[in-house]
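Biologist: Got a minute to go through this one with me? I'd like to start with the basics and then poke at the aromatics.

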Amino acid sequence: MAKSAILKSSIAKKVAMALSGLFLIMFLSLHFFINFISVFSADTFNAMSHFMGYNPLIQFAMQPILVAGVIFHFVMGFVLELKNRNARPVAYAKYDGASNASWASRNMIISGLVVLAFLGLHFYDFWVHEMVYKYVEANAIDETRYYHELVAKFESPVRTGLYSVAFVLLALHLWHGFTSSLQSVGFDNKIGKSLHKICYAFAIIVPFGFIFIALFHHFNN
């Protein structure tokens with residue numbers, strides 16, 4: 001009975017972890033779409049960013065949910081990692097991880113920690129700056145400031161390089177995490193296997209798309 005309860009609890013945690021991951025992937029997709037617009041049109045990017053920055057529903061409802069989702073996802077990731085390690089009663093004398101799983105799946109905690117650190121910096125860099133601009137300094141509304149602020153972030157080659165490295169690790173994290181999330185919520189059939197190809201494409205296109213945006217603004221402005 002106890003083992004059954006533990007199993008159910010473990011499954012519930014994995015499902016919750018998967019759902020929070022899929023939610024963050026939705027946000028990442030929207031974030032990528034808006035940033036990608038900056039490559040083609042500064043005016044459109046400014047308009048979309050201004051809408052996101054001053055819409056009450058997004059600012060006071062979706063934004064707190066997003067922050068809670070990030071915290072929940074990473075805390076749950078650490079909990080499951082510790083549980084998995086403690087579940088091994090005997091440490092193996094020799095473990096050839098590469099023959100059993102990919103690097104991405106074996107090092108989710110490492111890539112996750114780096115991504116978390118990057119998110120913390122990104123949060124400080126953009127969100128804190130935005131809060132100070134609007135509520136501390138109480139500056140007048142400027143619907144044209146967003147593009148120039150974005151470009152300024154990528155003037156430094158060091159910042160641009162670190163940003164790019166973080167997204168390479170995010171790609172590795174998504175490579176395993178996206179497909180694993182689908183399996184956890186029940187897509188482990190023919191449809192799920194077909195969706196895996198979409199997951200792998202997403203894990204490459206979106207992170208490297210962010211890198212392209214950073215390099216584009218670094219070299220063209």
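Modeller: Sure. One term before we start: a helix here is a DSSP run of H or I with at least four residues, and a strand is a run of E with at least two. Also, keep in mind that this is a predicted model.

Biologist: Fine. So over residues 60-82, how much is helix and how much is strand?

Modeller: That stretch is 100% helix and 0% strand, with its end C-alpha atoms 34 Å apart.

Biologist: And what about residues 198-219?

Modeller: Residues 198-219 come out at 100% helix and 0% strand, and there the end C-alpha atoms are 31 Å apart. Both stretches are listed in the unreviewed UniProt entry under "transmembrane region", along with 21-40, 103-124 and 160-178.

Biologist: How many helices and strands does the protein have overall?

Modeller: Nine helices and zero strands.

Biologist: What about burial and surface?

Modeller: Of the 221 residues, 37% count as buried. The protein exposes about 13400 Å², and carbon and sulfur atoms supply 70% of that.

Biologist: Are the contacts local or long-range?

Modeller: If you take contacts between residues at least 6 apart in sequence, 80% of them join residues at least 24 apart.

Biologist: OK, aromatics. How many aromatic pairs does the structure hold?

Modeller: There are 10 aromatic pairs. Take Tyr163 and Phe167: their ring centres are 4.9 Å apart and the planes sit at 55°, so that pair is tilted.

Biologist: Why tilted, at 55°?

Modeller: Because stacked needs planes under 30 degrees apart and edge-to-face needs over 60, and the rest count as tilted. The angle of 55° for Tyr163 and Phe167 puts the pair in that remaining class.

Biologist: Where do those two sit in the chain?

Modeller: Tyr163 and Phe167 are in helix α8 (residues 157-184), and since they are four residues apart, about one helical turn separates them. Both are buried.

Biologist: Does Phe167 have another ring partner, and if so which one?

Modeller: Phe210. Phe167 and Phe210 are stacked, at 4.5 Å centre to centre with 15° between the planes. That pair links distant parts of the chain, as Phe167 is in helix α8 and Phe210 in helix α9 (residues 190-220), 43 residues apart. Phe210 is buried, just as Phe167 is.

Biologist: What else joins in through ring pairs?

Modeller: They belong to a cluster linked by ring pairs, whose members include Phe32, Phe36, Phe40, Phe154, Phe212 and Phe216.

Biologist: Back to Tyr163. Which residues does Tyr163 touch, leaving out those up to four places away in sequence?

Modeller: Asn35, Phe118, Phe154, Phe210 and Ala214.

Biologist: And the nonpolar core?

Modeller: The largest one has 34 residues, and those touching the most other members are Leu28, Phe45, Tyr163, Phe167, Leu174, Phe202 and Phe210. Two or more residues each come from α1 (2-40), α3 (56-86), α6 (108-136), α7 (145-153), α8 and α9.

Biologist: Change of topic: which charges lie over ring faces?

Modeller: Lys134 lies over the face of Tyr54, 4.7 Å from the ring centre. Arg145 does likewise with Tyr133, at 3.8 Å from the ring centre.

Biologist: Last one. Is His196 buried or exposed?

Modeller: His196 is in helix α9. It counts as buried because its relative accessibility is 12%, and the cut-off for buried is under 20%. Apart from neighbours within four places in sequence, His196 is in contact with Thr179 and Gln183.

Notes: Residues numbered from 1 in each chain as written. Predicted model: local features only at pLDDT ≥ 70, side-chain atom pairs only at ≥ 80, totals over all residues. Heavy atoms only, no water. Buried < 20%, exposed > 50% of the residue type's maximum accessible area, 1.4 Å probe, protein only. Contact = heavy atoms within 4.5 Å. Areas by Shrake-Rupley, 256 points an atom, 1.4 Å probe, with all protein chains shown as cover. UniProt positions renumbered as here; feature names shortened; annotations may be inferred. Phe/Tyr/Trp six-rings, centres within 6.5 Å; stacked < 30°, edge-to-face > 60°. Lys NZ or Arg CZ within 6 Å of the ring centre and 35° of its normal. Core = buried A, V, L, I, M, F, W, Y, C linked by side-chain atoms within 4.5 Å.
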